[in-house]
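Hi there,

Here is the structure I promised to pass on to you. Have a look at it first, and then read my notes below.

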Amino acid sequence: MTVKKAIAASLSAASLVLLGGLAFAAGQYGPGATDTEIKIGNTMPYSGPASSYGIIGKADAAYFAMVNEQGGINGRKINFISRDDSYSPPKTVELVRQLVEQDQVLLMFNTLGTPPNVAIHAYLNDNKVPQLFPATGANQWNDPKHFPWTMGWFPNYGIEAHIYANYILKNLPDAKIAVLYQNDDFGKDYLNGLKAGLGAKASQIVATQSYETTDPTVDSQIVALQGSGADVMMTAAIPKFAAQAIRKIYDIGWKPTHLLSSVANSVGTALKPAGLEKAVGIISATYYRDPTDPQWKDTPEYKEWLAFMNNHGLSGSITDSQAVVGYSYAQTMVAVLKMCGDNLTRENIMKQAASMHNLSLPMLLPGITLNTSADDYQPMKQMQLEKFDGTTWKLFGEIMSGT
Amino acid sequence: MNEDAEGAATAGKPLGGSSVTLAGTDSWYIGYRRWLAALALIALAIALPFALSNYHVFELTLVMIYAIAVLGLNILTGYNGQISLGHGSFFAAGAYTAAILMHRYGVPYWATLPAAALICFALGVLFGLPALRFEGPYLALVTLALAVATPQMLKYFDTWTGGQQGINLVKPLPPPGLGLDRDRWLYFVVLAALLIAMRVAANVLHGRSGRALIAIRDHPIAATAMGINAARYKTLAFGTSTLFTGVAGALSAMVIGFVAPESFSLFLSLSFLVGSAIGGIATIGGALVGGLFIEFVPNLANDISDAAPWAIYGLAMLLFMYAMPRGVVGSLGPWLAQLTRYVLENSSRQKMQTEKGRLS
């Protein structure tokens, strides 16, 4: 507490001096930042049920290590402290308090998972510590009025559903729409996003069915949805249930235009279990370059990423799209820190994070950029649609945006 | 700790030899010393938060919460021999009782503790009734099923529990005028709960009920033949045990300020059992050691090796069990008691001798 007060006092003293017209050559610093170092805190599920996402933290760490090898940011090395919370919210609270109060990190970056981030949301905002780019798609990270210290990153579920609505309005104006959604916030974010996107045409949703993650199958829901006479189907599900839905739709001979949530568009975990031939023609959306997509193989961006992966002991994960995501998160962080220059106060971090203008990242789809402002804390709002051809996803159409 | 000290003291009496009065002075001495030691420990616990940073105070608060939960498990598993792998579920029930009452009904935080205690006692008794039919590993399996199902059940009743998103709580404010911040205030709230819990546990376990529970554990047929109502005691042991663990859960909801299904995974239940075994499964003081283990060993393991923290955690567990098979307090307690007895006996013998010398 006293340290904090002392820092706050010295900061305000420093700003008074600046106001007085005396310019300092040295930088302005919040906790965790010095002439030589920037301390960044993070928690990740390196163990436990969500440990497959741990690769994001490994890619973050590797990218920061590479930046440090190349001289750091304005001469300052990044000290990235990443701890394992096993996806358990109480552990996250404990570790984040340790990072903020004991390790004195400048900011929290890229904490993974909706529940862990909800658990530290109030704490970080009460203590005015930046909570930047949490790895979760929930809609609540864009609320600068109430939570000015929290900023999301990738297009949230609502935005994605909005993009599907735009596609339907433009290409299938007479569609009769059926929706299968998971009965929780994740599924409801999609359903509500679709309704909002359709606007006056929301009445074209002729049937909705939900499932619980404890249900054994969604077969009866699919049969009920087919019975509604719908010709467009949106599935907001996790991979296991998406696979069941794809298989059942095929088996009963129903042939709707099938829109599938990006959460479940992994070829390995959702489409293969369903049977690749049954997934032909499904439409989904994405924002990054899939590392297994052959069309990127010869681009300089992919080659650079591949070299990065191989040089930092991550060659075992070069087919894992989450490694692309982690790489892009870290690049966003570095871009914001560069924008901050020598003013590394927590206030300025948020100010710069909220001033992203057409920031493009090499492994995002060409044309997708990050933009923020003082009242828009949703950096990414664009995605591109893709269609499954039996072996891979093929991008089609324009980059689309939703709100 | 208490039980073992007492056991050693009574067992030692006939061996004390020289005279009845000497043994009497002895146990009075030990009782007196024990009270002094307890008071010194409490004084230390009260002074400690003023010497530590907020974060360490928060950590110690968690230690005490885990200690209360482990104490609950000790009553059931240690004293009554019923193995539960599902105490995380009752911890969750307590946490959600507090969270729902505070969040939906605006009940003040302190008033949620008796409610959590009552609800978890009722749940424990209800669960204990069918559990009576299961012995040893079968009961462990039934409670394991409960632990595995808990996160999913919490998601299923999402109108009450907030589902996946959980419930965000405003941390309790300290009463004005005390000059304490939130972390230190919660520390004292939890400390008070822990002291009450340990006192209640000591009263229950060192009397008639405690002897009945141990008799059922050690020899159920003989216990029944002696006229002990095994069914009633086993059910009550279950209820009392889950009451303690539920109160710990309610305290954790206040201290963490957030509950979600992911907070109450199977690993939490296993941690309680690990803490209980490491601390000393049929001891009261062992619960504190268990709390320390649950809180600090995973963090230490992570500091030692990022790559394989759980291997180190496992190794620590093995080392503890190998060096102290009856748990830290269970193994060191009798040894300590013997040592104090030896020291006391010698000093009082000397005192007697000098008194005799002065008289003659």
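**Two helices that cross**

Let's begin in chain B, where helix α5 (residues 109-131) packs against helix α11 (residues 230-256) at an angle of about 145 degrees, the two axes being 7 Å apart. Keep in mind as you read on that this is a predicted model. The crossing of α5(B) past α11(B) is right-handed. If you sort the residues of that contact by class, you get 17 nonpolar, 10 polar and 1 charged.

**Chain B as a whole**

How many helices and strands does chain B have? The secondary structure comes to 15 helices and 2 strands. Chain B has 360 residues, and 45% of them are buried. Now take the contacts in chain B with a separation of 6 or more: 78% of those join residues 24 or more positions apart.

**Where the two chains meet**

Chain B and chain A each put 25 residues into the contact between them. On the chain B side, α3 (54-79), α6 (136-156), α11 and α14 (309-323) each supply at least two residues. Which of them gives the most? That is α3(B), with 4 residues. By class, the side of chain B that touches chain A has 9 nonpolar, 13 polar and 3 charged residues.

**The big core**

Next, the inside. In soluble globular proteins, nonpolar side chains tend to be buried together. Here the largest nonpolar core has 212 residues, and B:I65, B:A67, B:I68 and B:L71 are the ones with the most contacts inside it. Helix α3(B) turns up again, as it gives the most to this core, with 17 residues. Why does the core lie between domain 1 and domain 2 of chain A? Because domain 1 (2-155 + 299-372) and domain 2 (157-286 + 385-401) both give residues to it.

Try clicking on B:I68. Leaving out residues up to four places away in sequence, B:I68 touches B:A193, B:L194, B:A197, B:F244, B:V247 and B:A248.

**The domains of chain A**

The domain assignment splits chain A into domain 1 (2-155 + 299-372) and domain 2 (157-286 + 385-401). Their C-alpha centres lie 33 Å apart. Where the domains touch, 7 residues of domain 1 are in contact with 7 residues of domain 2. The domain 1 side of that contact has 4 nonpolar, 3 polar and no charged residues.

**Two buried spots in chain B**

Now find B:F272, which is in helix α12 (residues 266-279) of chain B. Is B:F272 buried or exposed? It is buried, because 31 other C-beta atoms lie within 10 Å, and 20 or more is enough to count as buried. Not counting neighbours within four places in sequence, B:F272 is in contact with B:A69, B:V70, B:L73, B:H87 and B:G88. B:F272 and B:L288 are 16 residues apart in sequence, and their C-alpha atoms are 12 Å apart in space.

B:A99 is another one to look up, in helix α4 (residues 87-105) of chain B. With 28 C-beta neighbours inside 10 Å, B:A99 counts as buried too. Which residues does B:A99 touch, if you skip those up to four places away in sequence? They are B:I167, B:L169, B:A253 and B:V259. As for B:A99 and B:G166, they are 67 residues apart along the chain, with 9.5 Å between their C-alpha atoms.

**An odd pair in a loop**

Last stop: chain A. Most residues other than glycine have a negative phi, and most peptide bonds are trans. So what is the phi of A:S86? It is positive, about 55 degrees, although A:S86 is not a glycine. A:Y87 isn't a glycine either, and its phi is positive at about 65 degrees. You'll find A:S86 in the loop between β3 (77-84) and α3 (89-102) of chain A, and A:Y87 is in the loop between β3 and α3 as well. A:S86 counts as buried because it has 22 C-beta neighbours inside 10 Å. A:Y87 is buried too, with 25 other C-beta atoms within 10 Å.

Happy exploring!

Key
Residues are numbered from 1 along each chain as its sequence is written. Chains are lettered from A and ligands numbered from 1 in the order in which they are written. This is a predicted model: local features need pLDDT of at least 70, side-chain atom pairs count only at pLDDT 80 or more; totals for chains, interfaces and linings use all residues. Axes are lines fitted to C-alpha atoms, for helices over the stretch in contact, and angles run from 0 to 180 degrees between N-to-C directions. A crossing is left-handed if the near helix is turned anticlockwise from the far one by less than a right angle, and right-handed if clockwise. Ala, Val, Leu, Ile, Met, Phe, Trp, Tyr, Cys and Pro count as nonpolar, Asp, Glu, Lys and Arg as charged, and the others, Gly among them, as polar. Two residues are in contact if their C-beta atoms, placed from the backbone, lie within 7 Å. A nonpolar core is a set of buried Ala, Val, Leu, Ile, Met, Phe, Trp, Tyr and Cys residues joined through C-beta atoms within 7 Å. A residue is buried if 20 or more other C-beta atoms lie within 10 Å of its own, exposed if 12 or fewer, and partly exposed in between; C-beta atoms are placed from the backbone. Domain bounds come from an automatic or database domain assignment.
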